[in-house]
Structures are given as structure tokens and as C-alpha cells.
Amino acid sequence: MPLTRFWILDINYEVKNHQPEIWLWGIDSEGRRVLIIDKSFTTYFYVLPEEGEDAEKLADRIRKVCANLPYITGVEVVDRKYFGKPVKAIKIYCQDPDIMPEYIKVISKVKGISSFLEDDIRYSMRYMIDNNIVPCGWHEVEVEECPNVLNVQVDKVLIAKSTPRYLSEMIDIPKLRILGFSMICYSPKGSPKPEKNPIVIISAITNTGEEKQFIAEKTEDDRKIINDFMNFIRNFDPDIIVGFETNRRDIPYLVARAKANGLSLVIDRAGAEPHTSTYGHVSITGRANVDLFDYADEFPEVKVKTLENIADYLGVMKIEERVLIEDFEYAQYWDDPSKRPELLKFLMDNTRCIMGITEAILDFAIQLSSLVGLPLDHVGTAAVGFRVEWFLIRHAYHMGELVPKKIERAYTPYAGALVLEPNPGIHENIAVLDFKSMYPNIMISYNVSPDTYIPPGEPEIDAFIAPEVNHRFRKEPPGFYREVLAKLIKARDHVREELKRVDRGTIKYRILDARQKAIKVITNATYGYAGWIGARWYIKPVAEAVTAWGRHIIMSTIKAAKNIGLEVIYGDTDSIFVRNDPEKIERLSKIIEEKFGLEIKPDKVYTRVLFTEAKKRYCGLMPDGKLDIVGLEVVRGDWANVAKHIQEKVLEIILKEQTVRRAVDYVRKYIINLREKKIPYRDLIIWKTLTKSPEEYEVKAPHVEAAKSLQKEGWTLTVGDKVGYVITVGSGKLHERAKPYLLASYDEIDIEYYVTNQIVPAALRILSLFGIKENDLLPPKTGKVQTLLEFFGKS
DNA sequence: GCAGCCCTATTACCT
DNA sequence: ACAGGTAATAGGGCTGCG
């Protein structure tokens, strides 16, 4: 039997005559695109007997009922664990995965059933979990070639004659064909609506260097360009299709426009249209549809997650080098023959940005996919909690641990981390000591896990007991979380060890680096998952115990530091700021290592650090002269640039030059410039996120009112969108004077608002530490500028 | 009618 | 639709004020 090695790109299943088939889309070691069909796998679900019910007897009763259910192919009693407790479960095999819900309804009438489990795991996920098949991973399988009667777009269709075997040591990635695209719709007013607004331009770029634009000949006719684009995709036959906001915008729009033109948008490998699937991603069978927008959260420094901002941040294409066209201008540019070429260039540049960002993200996405086991096109749209959960589900399978159902729970808060009151002012030569992976290590050390938790009332002698909250956890056997986290940490250490032996800039380096990042993300999210009420394995005391141990450890560390004469200036969760005394720090580190088995070491040293009166807001000067700004307006996305700029300058002057008067002088001059309208309009925009639809807000807030104005102009706004507004002159509340920045002009701006509510507070946040008051910053509105001497003479 | 106070809603940050 | 802790602003209700 021929043996094939292949890398999995996508997976789906088909059921024909109640006979399921797994379709594995991949690339073989010769670079051929293959479809491997596996007809051998039967799915199943579990039944848990009621308390005191005999499993065998219940199984017999179920068997009787199943006699009338033709696609039930087996009922057996098996040993499993449920939240760590050994249970007898009844495993029921069902040939047709799609008929399961119907059958469960019938079986649920049998007396003695406590619950059904794992019936909510999709057939294709079940197949991968049980057979250790890993998306974006290499596998080996015995196959038999069969004719391509399905007419799918691959080089070979193969029938699996064995179960594919995962080759974990093969970490390379085959040469993938990638197609990026973006498009422009013609809408003279407001957001484009597929019912009436055609697509006028589609840009496409391939990673083989082809660039193509499809331009409508007549504005109202997009039939040809959609058709040409479809043909272009089919000819290039990409493995991965990338875009920006394609899941919720571009692809549904293309599908709708195709339909409006009597076309069917066939861009997959199986002759079907794209369809929306798990977690709201759009599935294109046989290819991976990757929406870069789903990875925007990987760049928290980018506050407004637009394509151009992310590309600018990554150095793909600098904004200064671009002529940006706002969406409300598209129609104008399209209609004007002299401006249309600019629009074409703009869209092509956008597509180049897409290709550039893809390069920065795809390795990580691939590693995340193979680590958590969700297909490449799912993993981006899955929220962090679900990424962790699917990773856990794979491990639960290997431990014989049953997967709990998703249930709705009421939110009840619990105590979290400890934050110290900072000592305001400037401190010299300060080291920041960090615990390495504090929460994951607590979970490992004290075996904190849903399956080791001992509820109150249950006797147990050998247990770890959490401080303050007194939750108990069995010391043995190792818990679910301990096993998983230890594995993750070990895997990451291993990858990082290997990284040291690989040259930077090589493909292998990129893969390994992406791998260790993916492992880190999942490791760090595990505590958060444990405290998430939506988690299948949620047990509040588990999360509560972790933070209790965290508080205990940080408090002990502070005490130990003080004991050896190491002054503690500040601390938050798993870090303490101390005087940089390497000898004492080394001693402290040893004490903590011995006491808790945890590693604490200097993460960075500040030449100088400035604390405000507030927690979580400070600025350190690094030895290389860079500022490390934390929590302050500078790093927040909801302050106008004028405020952020002024605060950064003030911090720079105060920390580097250590002169208050120069900082004050700078602010005063800046205010004068602003009053003379010498500061660009863009720097006055305030951005805020819509966290619900505008009507749902209880109070009238500036950004909500601005959002409503946009809606009136025909723009569609959805939850998560950022609204950019400016404050204009006039009377009344701020929200009455807030206007979307696109609908206002510089002449309307209320400059004094920006002076008193943006610049002054941002500057005073720092300068008030040195006795500066609002009046000291405000130059007189008219007349000549007060000299510094006059100013300091007065104050 | 409005200044001053206090509380709440809202957003975005830190670890 | 991963956690809690925290700061900060604007809105909005209430009180007291000849």
C-alpha cells in the first residue's frame, strides 16, 4: 500500500447515506495538493448513569432503545474520569454524526441517565482528537488513489487505508500558495450595502509575485470583475486566502454581490460557496481563509486597528509614505477620472499591506493552530478561552478525563492580585523583579486543578491548602492543569533551547520563535481560563486559590526583601520594584527559590523612575535613554494626540534633563501653538470603542453621540468599532458638542476644551508632583507671553 | 438656576 | 466569550442657596 506524507491545511466532513467521510485537505511531500478521504471513523458520545445506578444495567436498557435506532453501532461501558473522579460511563457509537441530536432525544427517555457528555464535539474535531491528528502538521498515511469523480481542485484524491499518523518531529512548513485581496465598493453615502452598492475594484496579490486589479468597466456592473476574480483564484489555486476584515465584511459581500448577479461565488476547492461556520469564521473548503483582523489583538500598541495602522506599526508600509483615502471619499475618487488612479494605487497598497502583515503573522497562526488543534481558519476567530479549551480537550482525552458540558453560570467575583501603593516622586536606580510564570507555577506547585479540588466536607489528609481562602487540593495524583502546564513549560524551554542553536533570519528560526510564542500565549491564558465562568472546567475555588497563593507569595517576598534591607518601592501581582542592589537581590532570589520553588529575577533596571500617586501608572528611564511608559495617558488610546504628545515631552524633560521649568515652558509654548491652530487636525481626534450598539447606552457619552451622527449619515457601526470624534465649540454638554472627525472641520474645534481637558490634565499628572498648578501652565490668552523669569518669580 | 458633591457608567489600562 | 485591580472622565441626580 503506498504511503503518503502530507501536511493538513483544512478539514471538513461529508455524510452520504448516513456514511460519514472525513476530508483532509493537504499538501504532500512532493508539493502536490491532495484530498485524503477517511471513511473509517465512527463518532460517539457518553452517557453518565445517575448516582447509584448500575452502569451495565443502564447500558442494557439503552441497548434496547437503540435496537430501533439503526445508526447506533455500539453501546459499551467504559472507565473514565469526571473532574478527577473515576466513573463508569456508557459510550455510545453513532455512525451518522448528523443524526446524533435526534437519537439523544430518544435515548434521554431511558430511566437512570444523569447526563450526556461530549455529544457537542463536532465530528471532525472528534476525529482529530481521537487520532492525534494535528492541523498544520505532517502526517503519514497509507492510501489508495481514486478517480476525481467529485471534481475537486486537487492533484490527487486519495482514500485513507490506515489512520494518519502524526509526525511530530517534522516542523517544517510546505511551500504554500497565498493570495491576498482587498476591494472597494461604490457607495456615494454611508457604508456600502450589497443590495444596492456594487464592487468596483478588487486587488489581488499572490506570494509568487503576481499583482492584479479587477476594475469595473461600468460602475453599476460588477458581474465581470467578480467572475474574473473567481477565475483568478481558481487559476492560482491558493492554499491560503488572506484579507483584512474578510470574515465579517469582504467575503459575505462578495457572496451577496455574486448572487445579485446570478453567479455563485465558487472560490473553494470543492465547488461550493463560502459558508459561515464555528466562531463566525468563513470557511472556504480546501483552503484556509485567514482574516488578519483576527490577529490585530497581537499588537496592543496599535490602538486603532486599521489595516494602515497595523502595517505602519510593523514597518510594512509607513503611513507618512502613503496618501490615505477615507472610505467616505471612495465614491468621489471613483467618479473623478483624474482621481481614480489614486484610488487604484491606494487599494493596491492596501493589498501589499495585507501581504506584508501576513508575513508577520502567518507563522504564529500556523503554530497556534497546530498547538491547540483548531484548523488554521478557525483558530484566528476563536476567542482566547476557546483556544485554551480545545487545547485542554485534547489532553483530557489522553488522560481519560471526560469533557464537561458548556453551561451558563451567574457571575460571582473573587479576589485577585495585590497591588502596592506607590511612593510618588522620582526614584533612582530601581530594579524590577519579576516572578517567572507565577500563576502557572502556582498551579503546578500546589496541584491546583479542577480534578484535584476537594470540596468542603470531603475528608482528605494529604492536601495543599490555599492561604486565606482555605481551598484544598489533593497532592496526588498530578492534576489536569499540572500535567498540561508542565508539558507546555517544558515544551517552550525546549524550543527556546533549540532556538539558541539556530541562526536568526532562517525559516527554522521563524518557525521555532512562532512556536514558543504560541506556547507562551496558551500557558499564560490558562489561569484566566480557570476563572472564566464560560469555561467547561470552571470551578471558582480553583481560580480563587491561585490568586490567594499569589498574594501570599508576593507578600512574603516583600517581607523577605525588607528583612534583608532591600527597600520596596512598588509592586503589582508578580513584580516588585526595589533599589538596585545586586547582592541583596541575589540573596532575596535565593530565599524565595528555597521557600516557594519559584524563580524571581530582575527583569529590567531603571536609571530613574517616576511614580504618580496612582497605582499602575509610572514612567521609567531605561539605561539606553528610552522611556518605559506604563498606564499613563501616553499609552492610552482614548486621549487626543495633543495630550499624549505633551505628556511624553514632559516626562522626557523631567526624567532626562530633570528640569521642571523647561517642561512647564514646553507646555506653555505648545498651548500657544495650539491656539494658533498650528497643530494638525488629526492630533485632536479622540478615539473610543463602541462596546454596545449606540441605543443601548444608559448615558449620553461623546463617542456614542458621535456614533449616532455617523449612523444618521448612513454608516453602519458595530460593537467593537472605534469612533473618532472631536469636540466643537458651542454651549451645552460635551456629548452635544462631540462630532465625528470626518464630519467636522478645524474651524469648529473648541480649542479651549483641548487645552483644559486634554493637555492640562495630561501634563499636570506629572507636573503636579512638583507643585505645578493649572494656572502655571496656562499662558494668558491674549497679550505677550509671560517670560519664564516672570513666571517663576511669581510662583 | 447653578455650584458642589457624590455616585454611576464607561473605557482602557496593568499584571 | 481568559481573570481581577485600578484610574480616570463625563454624566446625572441631589442638595443647598435668599
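A polar side-chain atom of K615 sits 2.7 Å from a phosphate oxygen of DNA strand C, and that contact is a handy way into this predicted model. The protein is modelled with DNA strand B, which has 21 residues around it, and with DNA strand C, which has 32. Beyond the DNA, there are two open sheets to look at, one of six strands and one of five, plus 56 salt bridges and a couple of backbone details.

**DNA strand C**

- K615 is also listed among the residues that come nearest to DNA strand C, along with G385, G416, K700 and H735.
- Where the protein comes within 4 Å of DNA strand C, sugar and phosphate make up 89% of that strand's atoms.
- N757 brings an N or O atom of its side chain to 3.4 Å from a phosphate oxygen of DNA strand C.
- Y414 works through its backbone instead: one of its N or O atoms there is 3.3 Å from a sugar or linking oxygen of DNA strand C.
- Four helices each put at least two residues into the surface near DNA strand C: helix 10 (384–399), helix 13 (507–530), helix 19 (734–737) and helix 20 (751–767).
- Sorted by class, that surface comes out as 20 nonpolar, six polar and six charged residues.

**DNA strand B**

- The closest residues here are D574, G631, T691, Y697 and H703.
- T691 uses its side chain, with a polar atom 2.3 Å from a phosphate oxygen of DNA strand B.
- G631 uses its backbone, where an N or O atom is 2.7 Å from a phosphate oxygen of DNA strand B.
- V635 also has a polar backbone atom in the picture, at 3.2 Å from a phosphate oxygen of DNA strand B.
- Of this strand's atoms within 4 Å of the protein, 93% are sugar or phosphate, and bases supply the rest.
- The class breakdown for the surface near DNA strand B is five nonpolar, six polar and ten charged residues.

**The six-strand sheet**

- This open sheet runs in the order 22-23-18-24-25-26, and its pairing is antiparallel.
- Strand 22 (568–572) and strand 26 (627–630) are the edges, each with pairing on one side only.
- From one strand to the next, the twist averages 35 degrees.
- Inside the sheet, four bridges hold strand 24 (residues 600–611) and strand 25 (residues 618–621) together in the antiparallel sense.
- One residue pair to click on is L610, which has C619 of strand 25 as its bridge partner.
- Helix 15 (residues 582–596) packs on this sheet and touches strand 18 (425–435), strand 23 (575–579) and strand 24.
- The direction of helix 15 makes about 30 degrees with that of strand 18.

**The five-strand sheet**

- The order here is 13-12-11-14-17, again in an open sheet, but with mixed pairing.
- Its edge strands are strand 13 (211–215) and strand 17 (288–291), and each of them pairs on one side only.
- The twist between one strand and the next averages 20 degrees.
- Strand 14 (residues 240–243) and strand 17 run parallel and are joined by four bridges.
- Within strand 17, A288 is the residue opposite I240.
- Helix 4 (residues 223–236) packs on the sheet, where it touches strand 11 (178–185), strand 12 (199–206), strand 13 and strand 14.
- Relative to strand 12, the direction of helix 4 is off by about 15 degrees.
- Helix 8 (residues 340–372) lies across strand 11, strand 12, strand 13 and strand 14 as well, and runs at about 145 degrees to strand 11.

**Salt bridges**

- Side chains of opposite charge can pair when their charged atoms come close.
- The structure has 56 salt bridges, and one of them joins K39 to E21, with 3.8 Å between the closest N and O atoms.
- That pair ties together distant parts of the chain, 18 residues apart: K39 is in the loop between strand 3 (33–38) and strand 4 (43–49), while E21 belongs to strand 2 (residues 19–28).

**Backbone details**

- E476 and P477 are joined by a cis peptide bond, with omega at about -10 degrees.
- P477 falls in the loop between strand 21 (472–474) and helix 12 (480–500).
- F83 has a positive phi, near 50 degrees, although the residue is not glycine.
- F83 is in the loop between strand 5 (72–82) and strand 6 (85–94).

Conventions
Residues numbered from 1 in each chain as written. Chains lettered and ligands numbered in written order. Predicted model: local features only at pLDDT ≥ 70, side-chain atom pairs only at ≥ 80, totals over all residues. Heavy atoms only, no water. Near = heavy atom within 4 Å. Polar contact = N/O pair within 3.5 Å; in protein donor to acceptor, adjacent residues only side chain to side chain. Nonpolar A, V, L, I, M, F, W, Y, C, P; charged D, E, K, R; others polar. Pairing = 2+ DSSP bridges. Axes fitted to C-alpha atoms, helices over the stretch in contact; angles between N-to-C directions. Contact = heavy atoms within 4.5 Å. Salt bridge = Lys/Arg side-chain N within 4 Å of Asp/Glu carboxyl O.
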